[in-house]
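New to this one? Take a look at the sequence and the model first, and then we'll walk through them together.

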Amino acid sequence: CARTPVRGARQIPAIVDPNQTDARTGKPLSLFESGAIMLYLARQYGSGALLGGPRTADEFACLQWLFFQASGLGPMPGQVHHFVKMAGMSELPPSTEPLPAPEGEAAAGFAYALARFDRETRRLY
């Protein structure tokens with residue numbers, strides 16, 4: 001895939017900043033992983049001392065939302081989508097409807113995983 005070098009470990013999201021050169025490659029800077037991207041954008045294009053100067057309450061407020069996204073909001077929907085796909089569904093039912101029960105040997109664990117990640121994703125949104 002032509003995009004693989006930009007995506008590193010085949011992770012998304014990924015960005016290329018044509019305004020910055022990667023000193024290691026001489027090419028435009030490319031980054032993957034949402035936390036790294038958000039820190040880069042804040043430091044490179046943010047206003048004032050946010051993330052670049054003395055530690056402030058604003059910086060820590062920014063960092064708490066960064067880590068919330070990287071540790072919760074980012075991964076949870078990915079887990080839901082994985083289990084939805086494994087269940088053969090094209091999308092989740094509305095939150096008022098029960099999730100379909102998978103069949104087979106691992107049904108109990110699968111149903112638990114799907115319900116857990118669905119519940120956590122809905123809580124985060």
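What follows is a quick tour, from the whole chain down to a few single residues.

First things first: this is a predicted model. The protein chain has an average pLDDT of 74, and 66% of the residues score at least 70. Confidence varies along the chain: among its elements, strand 1 (residues 14-21) has the highest mean pLDDT at 91, while helix 1 (residues 4-7) has the lowest at 58.

Now for the overall layout. You'll find five helices and two strands here, and walking along the sequence gives the pattern α-β-β-α-α-α-α. The protein chain has 125 residues, of which 25% count as buried. About 8,800 Å² of the protein chain is exposed, with carbon and sulfur atoms supplying 57% of that. As for contacts with a separation of 6 or more, 44% of them link residues 24 or more positions apart.

Let's look at the strands next. Serine 30 sits in strand 2 (residues 28-32). Is serine 30 buried or partly exposed? Its relative accessibility is 23%, so it counts as partly exposed; the cut-off for buried is under 20%. Serine 30 and isoleucine 15 are 15 residues apart in sequence, yet their C-alpha atoms are 5.6 Å apart in space.

Then come two helices that can be set side by side.

| Helix | Residues | End-to-end C-alpha distance | Expected span | Buried residues |
|---|---|---|---|---|
| Helix 2 | 34-45 | 16 Å | 16 Å | Ser34, Gly35, Ile37, Tyr40, Ala42 |
| Helix 3 | 57-73 | 22 Å | 24 Å | Glu59, Leu63, Leu66, Gln69, Gly72 |

Helix 2 has 12 residues, and its reach is close to what is expected at 1.5 Å a residue. Helix 3 has 17 residues, and its end-to-end distance agrees with the expected span too. What do the buried residues of helix 2 pack against? Their partners are strand 1, strand 2 and helix 3.

Further along the chain is the largest nonpolar core. Nine residues make it up: Met76, Val80, Phe83, Val84, Phe110, Ala113, Leu114, Phe117 and Leu124. Helix 4 (75-86) and helix 5 each put at least two residues into this core, and helix 5 gives the most, with five. In soluble globular proteins, nonpolar side chains tend to be buried together.

Phenylalanine 83 is a handy way into that core. It belongs to helix 4 and has a relative accessible area of 15%, so it is buried. Which residues does phenylalanine 83 touch, leaving aside those up to four places away in sequence? The answer is Phe110, Ala113, Leu114 and Phe117, and those four are also listed among the core residues.

Last stop: aspartate 118, which is in helix 5 (residues 107-124). Its relative accessibility is 9%, and because of that aspartate 118 counts as buried. The side chain of aspartate 118 has a polar contact of 2.7 Å with the side chain of arginine 122. Aspartate 118 is 35 residues from phenylalanine 83 in sequence, and the two are 9.2 Å apart in space, C-alpha to C-alpha.

How values were computed: Residues numbered from 1 in each chain as written. Predicted model: local features only at pLDDT ≥ 70, side-chain atom pairs only at ≥ 80, totals over all residues. Heavy atoms only, no water. Helix = DSSP H or I, 4+ residues; strand = E, 2+ residues; numbered from the N terminus. Buried < 20%, exposed > 50% of the residue type's maximum accessible area, 1.4 Å probe, protein only. Polar contact = N/O pair within 3.5 Å; in protein donor to acceptor, adjacent residues only side chain to side chain. Core = buried A, V, L, I, M, F, W, Y, C linked by side-chain atoms within 4.5 Å. Contact = heavy atoms within 4.5 Å. Areas by Shrake-Rupley, 256 points an atom, 1.4 Å probe, with all protein chains shown as cover. pLDDT = per-residue confidence, 0-100. Expected span 1.5 Å × (residues − 1).
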